Amino acid sequence: QVQLAESGGGLVQAGGSLRLSCAASGSMSSTNRMGWYRQAPGKERESVAHITSGGRTAYTDSVRGRFTISRDNAKTTVYLQMNGLKPEDTAVYFCYSASDRYFWGQGTQVTVSS
């Protein structure tokens, strides 16, 4: 089992920045990827970014160049630095950890006002 705790969401004006954190605990030895999904009202959950155990990163097209995913040296905390935020980035952001199954955090709300 892996437990995930997100923090860092909030309300920000368009063009602003937020940094999300996801602290993982539990059995992490089989984790091969951690990342973030988001879900806006009335929309399906979409992948935002992920980082593999080897440090490779990937982003969805709409955030590439604005968001940066990173992690600490212990590989137990993942960050999502979000710059140049747009109203369409408004969503609940969920952290996940993937091995042979997915584990999810409780989600953190990000609201970008125009």
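Modeller: Two rings of Phe, Tyr or Trp, taking the six-membered ring of Trp, pair if their centres lie within 6.5 Å. Planes under 30 degrees apart count as stacked, over 60 as edge-to-face, and the rest as tilted. The model is predicted.

Colleague: How many aromatic pairs does a search of the whole structure find?
Modeller: The ring-centre cut-off is 6.5 Å. Applied to the whole structure, the search gives a count of five.

Colleague: Tyr 37 and Trp 104 form one aromatic pair; which geometry does it have?
Modeller: The ring centres are 5.4 Å apart, with 75° between the planes. Tyr 37 is in strand β4 and Trp 104 in strand β10, 67 residues apart. Planes over 60 degrees apart set the class. The pair is therefore edge-to-face.

Colleague: Which class fits the rings of Tyr 96 and Tyr 102?
Modeller: Their centres lie 5.3 Å apart. The planes meet at 35°, so the pair is tilted.

Colleague: Tyr 96 or Tyr 102: which counts as buried, and which as partly exposed?
Modeller: Buried means under 20% relative accessible area. Tyr 102 has 36%, so this residue is partly exposed. At 2%, the buried one is Tyr 96.

Colleague: Which residues form one aromatic cluster?
Modeller: Trp 104, one member, is partly exposed at 35% relative accessible area. The full cluster is Tyr 37, Tyr 96, Tyr 102 and Trp 104.

Colleague: Now the disulfide. Which strands hold Cys 22 and Cys 95?
Modeller: The S to S distance between Cys 22 and Cys 95 is 1.9 Å. The two cysteines are 73 residues apart, so the disulfide links distant parts of the chain. Their strands are β3 (residues 18-26) and β9 (residues 91-98).

Colleague: What is the handedness of the disulfide between Cys 22 and Cys 95?
Modeller: Cys 22 is buried at 0% relative accessibility, and Cys 95 is buried at 0% too. The torsion about the S-S bond is about -75°, so the disulfide is left-handed.

Colleague: How many salt bridges does the count come to?
Modeller: Side chains of opposite charge can pair when their charged atoms come close. The cut-off here is 4 Å, nitrogen to carboxyl oxygen. The count comes to four.

Colleague: Which residues are linked in a network of salt bridges?
Modeller: Arg 38 bridges to Asp 89 at 2.9 Å; this pair is 51 residues apart, linking strand β4 to the loop between β8 and β9. Asp 89 also meets Arg 66, at 2.7 Å. Arg 38 and Asp 89 are both buried, and so is Arg 66. The network is Arg 38, Glu 46, Arg 66 and Asp 89.

Colleague: Is Asp 61, which forms a salt bridge with Arg 64, buried or exposed?
Modeller: The closest N and O atoms of Asp 61 and Arg 64 are 2.6 Å apart. Arg 64 is partly exposed at 48%. Asp 61 has 61% relative accessibility, so this residue counts as exposed.

Colleague: Which strand gives the largest share of the largest nonpolar core?
Modeller: The core has 28 residues, and Trp 36, Leu 80, Met 82 and Tyr 93 touch the most other members. Strands giving two or more residues include β1, β4, β8 and β11. The largest share, four residues, comes from β3.

Colleague: Over which rings do Arg 19 and Arg 45 sit?
Modeller: The charged end of Arg 19 is 4.0 Å from the centre of the Tyr 79 ring. Arg 45 lies 4.0 Å from the ring centre of Phe 94. The rings are those of Tyr 79 and Phe 94.

Key: Residues are numbered from 1 along each chain as its sequence is written. This is a predicted model: local features need pLDDT of at least 70, side-chain atom pairs count only at pLDDT 80 or more; totals for chains, interfaces and linings use all residues. Side-chain values use heavy atoms; hydrogens and water are left out. A disulfide is a pair of cysteine sulfur atoms within 2.5 Å. Buried means under 20% relative accessible area, exposed over 50%, partly exposed in between (1.4 Å probe, protein chains only). A salt bridge is a side-chain nitrogen of Lys or Arg within 4 Å of a carboxyl oxygen of Asp or Glu. A nonpolar core is a set of buried Ala, Val, Leu, Ile, Met, Phe, Trp, Tyr and Cys residues joined through side-chain atoms within 4.5 Å. A charge sits over a ring if NZ of Lys or CZ of Arg is within 6 Å of the ring centre and within 35 degrees of the ring normal.
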